[in-house]
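Student: Could we go through this structure together? I'd like to know how the labels people put on it are earned.

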Amino acid sequence: MTHFKINQKDIFYILKEQLGYGSLCSLERYESLTEETLDLLVTEAIRFAKKAVAPLNEIGEEQGVRYEKGEVICPAEFAGVFRQYGRDGWTAAARDTEYGGQGFPNMMRIVVNDFMYGACQSFNMAPSLTHGAAHLIESFGIRELKEAFVPRMYDGTFAGTMCLTEPDAGSNLAATQTTAFPEDNHYRIKGNKIFISWGEHNIAENIVHLVLARIDGAPEGVRGISLFVVPKYRLNEDGSVGEFNDVVCTGIEEKLGLHSSPTAALSFGAKDGCIGYLCGEPNQGLAHMFQMMNSARINTGVSGMTLASTAYQNALEYTRQRIQGSDAAKRKTGFVPIIDHPDVRRMLLWMKASVDGMRSMIYTAAFWADLASEGESEQARKHYQALTDFMTPIVKAYCSDSGFRVCETAMQCLGGYGFCKDYPIEQYLRDAKIMSLYEGTNGIQAIDLMGRKMRLNDGAMFSAFIQEMEAFIEVRRDHEGLGSHVGNLADAFGRVREMADEMSRRSQEDRLQWASYTYPALLCFGDLVMVWRLLDMACIAWERAGKKGRKNEFFRGKVAQATFFADYILPHTIARAGICLRNGREIVEIADSAF
């Protein structure tokens, strides 16, 4: 039986009952689709994840990857699944059909990644990065580049990467030193990149790197950075794979987790033989790359959530089977399954609520992204784009951190066995930790949320968020069974708004004090979204939850998780908002030598 466990009913409840994702098929771009088609895609994606991708998790963990003389050797099974993944249409499920996409809503790419990352995080990074790189070329490249690379990246023949980080340019990409020297209709690329996920491997015929570099003579800083397509192997005139392009892997990292995902150091043009092709406009590389970076940030949140999901499901199964101890209230004789113990139930209910809330948060943001691109009016598109932009750092940071905490709690449910390799949870925990570091650390996401996202376009992003929250509170405040919890959410929301206003003032007048508390401020917003989405699901389930019978226990669970999580979390949210506004300056003023 596969390690990967998922409750398909939970998935469809969010998609169909909460979001009504079939409504996307009424948009002009998707009018040839039906809700039944979307349902089939979800069902088949889960099947493929379980059958083809999930077995790679154990294989990859046991075998890892090997670095031998500039090449990386992956487990043999990876290549076949990578090609099948592309050939079956999963890589480009949400891309236009012109270059081999399936034409589904963009939201479905997030839904598919939920299952594929949960099945094998290490492996799914390869097709996910390939999709992002190919879509960059599709969006900004000239037609010749699109025709040469995009179809073969989408169908699993070629792989792709994003190459940003350098030894002296991590989060600060303004320090990028890789240089592109103009030559005829291409450029000579010279420089070094590090921490490149799937930067070298043997699971595809070619690796197409999307590289940030500075054209020789370009301005310093981020305004002088351009984007280049740099294949590992050049292409012949007939499109076949040709000679080596002087892209050399100089080593791979030894990591805590993701042991079958090679993280490479790459040297471009050490022998002056590396050719790259400009993708998009000169000096606009970082702006172009943000398309892939923002997508990667959302997928980092997806990864944290889905690892938490399968960790919770594995813990739930264990607690139902593990017999240990007596019932605390003597309701049963003899020893009982540990799911009967109140403290274990507390952990299970917190995990259940956390996973469902994160999944709803992510799916909702993905749903909004489709409305941002395909909405029927300009006003609607602007509103949903503002929401999507506001939610991106919250999804990335909150879900990556909460996902790790769920994995940790799942391990706690198993006791000592959770710490052992007999069960997959210790691997989930190790694999999940990187998510708070990937694609800009969570501290950087918090600075973005409480800085740029609050200021841009006269605060349009925050205003859009306020509008959605207020609309929900107004409609549900008088709900017969959940109105008091909605009222508590309203109180917490009011306190967080006050905090955000004061933080905005401090961002202009006292930057150091402001920056000391941006991260707990982001957590406040994440808490609000979680409670909002859980209460929304509970309100939808309320009528059926009140009916008797086992078939309605599912709906009673939606109500229970919402009321528990709201009562459990909102007092912390209000307290944290107060912490963000404290006047103590210890963080800023303590001497370096005093740490």
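Tutor: Sure, let's take some salt bridges and the words buried and partly exposed.
This is a predicted model, where local features need pLDDT of at least 70, side-chain atom pairs count only at pLDDT 80 or more, and totals for chains, interfaces and linings use all residues. Residues are numbered from 1 along each chain as its sequence is written, and side-chain values use heavy atoms, with hydrogens and water left out.

Student: Why is the contact of Lys193 with Glu166 called a salt bridge?

Tutor: The label asks for a side-chain nitrogen of Lys or Arg within 4 Å of a carboxyl oxygen of Asp or Glu. Here N to O is 3.0 Å, so the pair qualifies.

Student: What does that pair tie together?

Tutor: Lys193 sits in strand E5 and Glu166 in the loop between strands E3 and E4, so parts 27 residues apart in sequence are joined. (Strands are DSSP runs of E, at least two residues; helices are runs of H or I, at least four; both are numbered from the N terminus.)

Student: What makes Lys193 buried?

Tutor: Buried means under 20% relative accessible area, exposed over 50%, and partly exposed in between, with a 1.4 Å probe and protein chains only. Lys193 has 0%, so buried fits. Glu166, at 5%, is buried too.

Student: How do you know whether Arg188 is buried or partly exposed?

Tutor: Its relative accessible area is 25%, so Arg188 is partly exposed. Its salt-bridge partner Glu183 has 27% and is also partly exposed.
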